[in-house]
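Me: I'm new to this structure and would love a close look at one part of it: the salt bridges. Could you walk me through them, and then show me what lies around them?

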Amino acid sequence: MIFWGVMITRLYHVSIKSNFYYEGLAKENIERKQFIKPVRGEISDTNGHLLAMNQIGFSLSLAPHLKIGGDQLNKVIDKLIETFPDLNKTVMIKVYKKHASPYNHKYIKVVDFIHYSDMMGAYPKLSLLHNLKIEAETKRYYPYGKFAAHIVGYTGRSNKKENAKDKVVDIVGKVGKTGLERHYNKVLEGELGYEVSKVTATNKAIKVLEKELPKDNKNITLNIDIDLQRMIYERFGEHTGVAIVMRTNGEILAAVSYPSYDPNMFVGGISSKDWKALQDDLAHPFTNKFIHGTYPPGSSIKMGMALAFSKALPNVLDSSEHCAGYITLGSSKHKFRCWSRWGHGTVKLRRAIRESCDVYFYNKSLKVGIDAMAKNLRSFGLGVKTGVDLPREYAGVMPDKAWKMKRFKQPWYKGETVISAIGQGYDLVTPLQIARYTGLIATSYLATPHIAKVIDGKVLNPKLKKIDFDAYYLSEIRKGMYDVCNIRGGTAFRTMSKLPIIVAGKTGTSQVTSIPQSAKKRLKESELAYFHRSHAWITTYAPYENPKYIVTMLVEHGGHGGSTAGPMVADIYKWLYKHGYFKEEGKSVKMMDNNSSF
C-alpha cells in the first residue's frame, strides 16, 4: 500500500506538476515582463519653491554575456570613455563583472546618470551601438542644499535589506535615507508600472501584450517657508545650535539645525573623504539637532514644572518661597544655589518665572516629589517623542525613581529632585519638545508638530490635545513670561521689548559642567573654555494676547539665553512681521498691575 502511494506521488510530480513548471518556462521564453519605474514625487515649500526635484538624464546599460576583457566589451566601454572622459573604465568593468552571469539575460547598468544636456549631442552616435542600451533616468537634486538638509533629507542607493522590503525600491535602486525623503518614501516613490511583450528567441520584443503605466509624481508640499529657513540659517553666523518656528497648531514654518551639510553629496554616493570630514566636524553638521540633539532644558522647563506642581498638589503654588541664594538638605552642608548669589527674598509664582528663581522651584519640588513631577511633565510633551513626521526621533529623559533604578541600579536622592526641578541633572529634551510645550503653555493645547502640509493632494489636518490647567496659575505663568520680554529687569527685555508685536517668553541657561562648591563667585560664561560654556535657551510665543507662533532657539555653548539667543529670536520676529505673518496685529497690551504678584 505504501509502495502504491509513493508511485502515485511520483507520477503526480513527473506528469502533472513538472508539466506546469515547463509550461511556465516556455511562457517566459516567449513573453517578457519589464517593470516601468515611476518618477519620484517632488517636495516643495509652502510658496511652491522646489526643495527636492528630479534632474532629467539617461542611464547606460550593456548587453549581457559579453566576455570580460573581450573585444566587444572593450569596444563599447572605450566608446563611452571617448564620449564622456569623466567616466571610469575600471569601475564600469567592475560593475559589469559583478552582475554578469550565464543566467542573467538583462542589460547591466554601468552608468547611473548622464545629464540630459551632455547626452544630447552624443545620442545619435551612441544609439548605433547594438550592445548599449540608453534609458531615460532621473536623479534627485536639492536646489537649496544645506539650508533644508535636515528637513528634506536625501535619497541614496538602496541596499539588500531595503530591496527585500520594497519592490519599488528593488527595481528603482534608490530609497529615501533621511528626513522627509525617508519618512514619506512610500508616498514619494509611487507605484511600478509594467509592460508584457512577446519576444523572439534572442529576447527581442516584437509585440506589446499588456501595459500598465506607473503611478508617479506623488508630490508633497510643506509648511516650511524656505526664505525664512534660509534667513535663520545665515543668522547663526559663528554660533551653532537650533531654531524652530512653529504655528501653535503644530505647523512647522522653519527648523534649522546649524551647521548643516549639502545633501547632494549623498545622491550618487558620498566619497570616504567627505564622509570622514562630516564625522570629524566637532560642530556635528550631520546631526539633526532639533530631534536628535538632547540637552538639559535649564530654566525653560520652569513654566511646565510649576504646572506639574499644581497638578500634583493643587494648592502648592498658593504660598510664596523665601530665597536666600541657596538651600541645604538635612544636615548636609552642600548648597544648592540659586543663580542669584544674594537671593531673591520672598518670591511668588509670577516673579519666580520672571526672575527665574531657582530656590522657589527647589522648595516646591521637595513638597511634590520626582515621580509626580516626571509624570506630569511627560504629559506636557517633555521627555517623550513629539510625533513629528521625521524618522528616528529621540525621546529624551524626564527621570523618576524607576528610571534611575533601571538605568543605574541606584536609588533616587532628594538632591537629584531639586536639580531636576530647574532642568538640570538627568533632564534631557529636544528643542522640538520645548517648542511644542511652549505652544501648550500659550494655548492649553498640545499640538503634534508636522512639516508636511499636502501629501499627494491630501491636506494634513492639525492634531491637538486639550490639557486642562488651573486658570489662575496658568495666567500667572503667562504674565511671568510677558514680564521676561517686556518689563525692565526681565532677562529678555533688552532684545524683545522693542518688537512691533508683543512677545512672551522664557530664557534659560543649561549647564554642561558643574560648578564646584568651593567657588564663591561664578566665572562669566565668556571666561570659560568654549565647550564648558552653558547652552543658551530662549522659547517664546506671540502675539501675547492671541498666540499664533512659537519661536524656540538653542545656542550651543552660548552662555545666557537672553544675551545670545535673544537677539536672533528678535530678528526672526521682525522678519515674520515684515513678511505679513502677523498682518495687522501690533502692540495692544500695556501690562498689567506691577503689584506684589511679581
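Reply: Happy to! A salt bridge here means a side-chain nitrogen of Lys or Arg within 4 Å of a carboxyl oxygen of Asp or Glu. Please keep in mind that this is a predicted model.

Let's begin with K364 and E321. These two form a salt bridge, with their closest N and O atoms 3.0 Å apart. K364 belongs to helix 17 (residues 358-368) and E321 to strand 13 (residues 321-323), so the bridge ties together parts that are 43 residues apart in sequence. Are the two partners buried or exposed? K364 has a relative accessible area of 0%, so this lysine is buried. E321 counts as buried too, because its relative accessibility is 9%, and buried means under 20%.

Now turn to R140 and E181. Their side chains meet in a salt bridge of 2.8 Å, N to O. R140 sits in strand 5 (residues 132-141) and E181 in helix 9 (residues 179-183), so far along the chain that 41 residues separate them, and the pair links distant parts. R140 is buried at 5% relative accessibility, and E181 is buried with a relative accessible area of 0%.

K89 and D78 offer another setting. Their side chains form a salt bridge of 2.9 Å, N to O. It links helix 3 (residues 89-99), which holds K89, to helix 2 (residues 71-83), which holds D78, and the two residues are 11 apart in the chain. K89 has 30% relative accessibility and therefore counts as partly exposed. D78 is partly exposed as well, with a relative accessible area of 37%.

Some bridges also share partners: K37, K109 and E137 are joined into one network in this way. Altogether, the count comes to 28 salt bridges.

What about empty space inside the model? Rolling a probe the size of a water molecule over the atoms shows where empty space is left. There are two cavities of 30 Å³ or more. The largest cavity holds about 40 Å³ of space. Among the residues lining it are K146, F147, H150, Q229, Y233 and S260. Helix 6 (149-152), helix 11 (226-235) and strand 12 (252-258) are the elements that each give two or more residues to this lining. By class, the lining has seven nonpolar, four polar and one charged residues.

The second largest cavity also has about 40 Å³ of space. It is lined by L51, Y142, Y144, G145, A148, A149, V152 and P263. Seven of these lining residues are nonpolar and one is polar, with no charged residues. A148 and A149 appear in the lining of the largest cavity and in that of the second largest.

To finish, here is a sheet. Strands of a sheet pair through backbone hydrogen bonds, either parallel or antiparallel. In this model, three strands make an open sheet in the order 1-8-9, with antiparallel pairing. Its edge strands are strand 1 (31-36) and strand 9 (205-212), each pairing on one side only. From one strand to the next, the twist averages 25°. Strand 1 is joined to strand 8 (residues 193-199) by six bridges, and V196 in strand 8 is the bridge partner of K33.

Definitions and conventions
Residues are numbered from 1 along each chain as its sequence is written. This is a predicted model: local features need pLDDT of at least 70, side-chain atom pairs count only at pLDDT 80 or more; totals for chains, interfaces and linings use all residues. Side-chain values use heavy atoms; hydrogens and water are left out. Helices (H or I, at least four residues) and strands (E, at least two) are DSSP runs, numbered from the N terminus. Buried means under 20% relative accessible area, exposed over 50%, partly exposed in between (1.4 Å probe, protein chains only). On a 1 Å grid over the protein atoms alone, a cavity is a set of points where a 1.4 Å probe fits but cannot get out, and a pocket is an open set with protein on both sides within 12 Å along at least five of seven lines; lining residues have an atom within 4 Å of a point. Grid points are joined across faces, edges and corners, and a volume is the space filled by probe spheres set on the points. Ala, Val, Leu, Ile, Met, Phe, Trp, Tyr, Cys and Pro count as nonpolar, Asp, Glu, Lys and Arg as charged, and the others, Gly among them, as polar. Two strands pair if DSSP finds at least two bridges between them. Axes are lines fitted to C-alpha atoms, for helices over the stretch in contact, and angles run from 0 to 180 degrees between N-to-C directions.
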